[in-house]
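Got your viewer ready? Load the model, find the ligand, and let's take a walk around.

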Amino acid sequence: MKTFCGRANPTTGAMEWLEEDESYDYHQEIARSRYADMLHDKDRNVKYYQGIRAAVSRVKERGEKAIVLDIGTGTGLLSMMAASAGADFCYAVEVFRPMANAAVKIVEKNGFSDKIKVINKHSTEVTVGPDGDMQCRANILVTELFDTELIGEGALPTYEHAHKHLVQEGCEAVPHRATVYVQLVESRRMWSWNKLFPVRVEAEDGEKIIVSPSEMENCPGVPSVCDIQLNQMPSSDFTILSDVVTMFSVDFSKPVRSASTCYRVQLEAIKSGKAQIVLSWWDIDMDPSGKINCTMAPYWVKPTSALQWRDHWMQCVYFLPNEEAVSQGENVYLTAYRDEYSLWYKLQKAREEENKADVRVESPVCRCQAHLLWNRPRFGELNDQNRTCQYIKSLVKVLKTDSVCLCISDGSLLPVLAHYLGAKQFLKANHLEDKIKILEARPESLTSSHLEDKKISVLLGEPFFTTSLLPWHNLYFWYARTAVTMHLASDVTVLPQSASLHMMIVEFQDLWRIRSPCGTCEGFDVRTMDDMIKNSLNFRESKEAEPHPLWEYPCKSLSDPQEVLTFDFRRTVPQHCLSAEGSLNLLRKGKSHGAVLWMEYHLTADISVNTGLTQISNDKGNCEWNPHCKQAVYFFSSVIDSETQTDLPSAVTYTINFDPKTGEITMDFKL
Ligand code: SAH
């Protein structure tokens, strides 16, 4: 069997599909999977166990045999819980082959092979009957098929099918019910992830404002969920406009309908403001009474002491199609629309309520193209006026009235800024069609005729490319710059003139969990899973750094930040590797979970934009990160705890290597 895996190629700026053979065995998928995070989710595991025990008891009290169907068994955890709780037999269904294989091993190791049958199929392919996968229908349905949006992983169609074909009528379900909650807020910060705000440009002849076209203003955006660690959003970044209300519930013990539908609730504005965002999360009741409840509610809704950190379930941010002013005491109607896999929202004023016939169920489709080009963090970055100011200041320094500029970046506003700063007259509604030419050519196939035989005097880049995953993938700018060398004037200005890679050793508050072994989970030995993840992490590129937006994942610095490599864009990409060796002294006590790396772009000699650490905020070493960018995280395979090393000031030594042939950076650390 052949597998195709998508990879970004930083030397071409393109996505490429690599064909992997049988021995590949989904290492990247396993190394980056959420299984470890789920196994570390104590709150979830304890409550599932309680719910499963209660369901098995209820069935036994009725004098029936307890036959369990566990859909999406993963490591086999929930089936093992059921078997321990006294279930007579469990059918553990898992579609992902490497996981089904792991489940077989884990079940065997824990001594449940006679009670649990692992079925490597999608649940909709499972057969019931004397010759089927299952001897008979189950009377307990256990699943954990939820994502942050609840239904994004296909829970509804899976339940719908299971009730029709795989479980008995009146079965017990763990969880028994899920409930989705919403709260209306105003937030300039979150709204900036979905709309382009006017950009102010201070030019010599006064302030100019770049406005977005009306198609963009009125565009409903894209339906993909925006899931974040809402607990990292300070309360000063949003204004609550309504109480928390229940949007809808799903009872998993009864037949479930997955067909598109909508739900409507009435809300009273508790404050005047602009309704822009619907914040949403869910909880699950593990039993019918609702006493065993596992909730994703954020910090302002429940006491912080009760917060369980997890990354596999977070909270959702939904953008209303347009902002709507509401006044305190006013009643508004919020409608949630859903199809099988996703949700979206619409707000209506009370007076428009008669218009109930409007059950528009199509999901939002971007009409302006911008939402297809820019993801949410990119919108936020473009709306960051401080960042824009750095570009403006540096453009002012390098631009001349007769400059011929070439900008290489995806969906960049730099050409517009450059034009405004050089423009003689005030241009009103961004009519720039004849001033800015979009070249539909890749840098390497650029010809003199594209450039009307002119030489480029200013080469610009943010740089930003949509295919970049890790910070240094934007070095594609360097490759593009190299490819256009023949078109550059001898005194060309390249902006940014260079980039530098920075690194720091950190202790994560929580993120370490996603890549750390679990050992036992609620008394079950899951080391097979730990070994499998470790094996995959050591497989080729998976061993390298991974991208994470660190504003969502608190950490403290254990070393000073250090510049480790520089890339000079005034020159072409070198033939040889760039490497650096050195050491980072551990200045603070703590657990060295890994190294964080980020890029800084030096626009001119004295103006830089930083995509990583913005500040170490206190003597404890708490870090503040650029809120629009992902940083690279390299998890150490073994953690050193400097709390236990009292005498020696410990250090971490590193070797870092940039290979110009692949555009990748590899690294090695010794603790
Ligand atoms: N039950 C485990 C793992 C949950 S992750 C635990 O609680 O720890 C969800 C798993 O379900 C994934 O491994 C995924 O591959 C699998 N899955 C999702 N939908 C499925 C379906 N309809 N049939 C079979 N497996 C499914």
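Start by selecting Tyr35: a polar atom of its side chain sits 2.5 Å from an oxygen atom of the ligand. That pair is a polar contact (N or O atoms within 3.5 Å). Next, click Glu94, where a side-chain N or O atom is 2.7 Å from a ligand oxygen. Then try Ser123: here a backbone N or O atom lies 2.9 Å from a ligand nitrogen. The protein covers 90% of the 580 Å² of accessible area that the ligand has on its own (Shrake-Rupley method, 1.4 Å probe).

A quick note: this is a predicted model, with local features needing pLDDT of at least 70 and side-chain atom pairs pLDDT 80 or more, while totals for chains, interfaces and linings use all residues. Residues are numbered from 1 along each chain, and side-chain values use heavy atoms, leaving out hydrogens and water.

Now show the 18 residues around the ligand, meaning those with a heavy atom within 4 Å of it. Tyr35, Arg44, Gly72, Glu94 and Ser123 come nearest.

Ready for a hidden spot? Select Val199, Leu382, Arg387, Thr388, Tyr391, Ser412, Leu413, Leu414, Leu417 and Glu462, which line the largest cavity. A cavity is a set of points on a 1 Å grid over the protein atoms alone where a 1.4 Å probe fits but cannot get out, and lining residues have an atom within 4 Å of a point. Its volume is about 90 Å³, counted as the space filled by probe spheres set on the points.

Which helix gives the most to this lining? Color α11 (385–398): it supplies three residues. Helices here are DSSP runs (H or I, at least four residues), numbered from the N terminus.

How values were computed:
A polar contact is a pair of N or O atoms within 3.5 Å; within protein, one must be able to donate a hydrogen and the other to accept it, and residues adjacent in sequence count only if both atoms are side-chain atoms. On a 1 Å grid over the protein atoms alone, a cavity is a set of points where a 1.4 Å probe fits but cannot get out, and a pocket is an open set with protein on both sides within 12 Å along at least five of seven lines; lining residues have an atom within 4 Å of a point. Helices (H or I, at least four residues) and strands (E, at least two) are DSSP runs, numbered from the N terminus.
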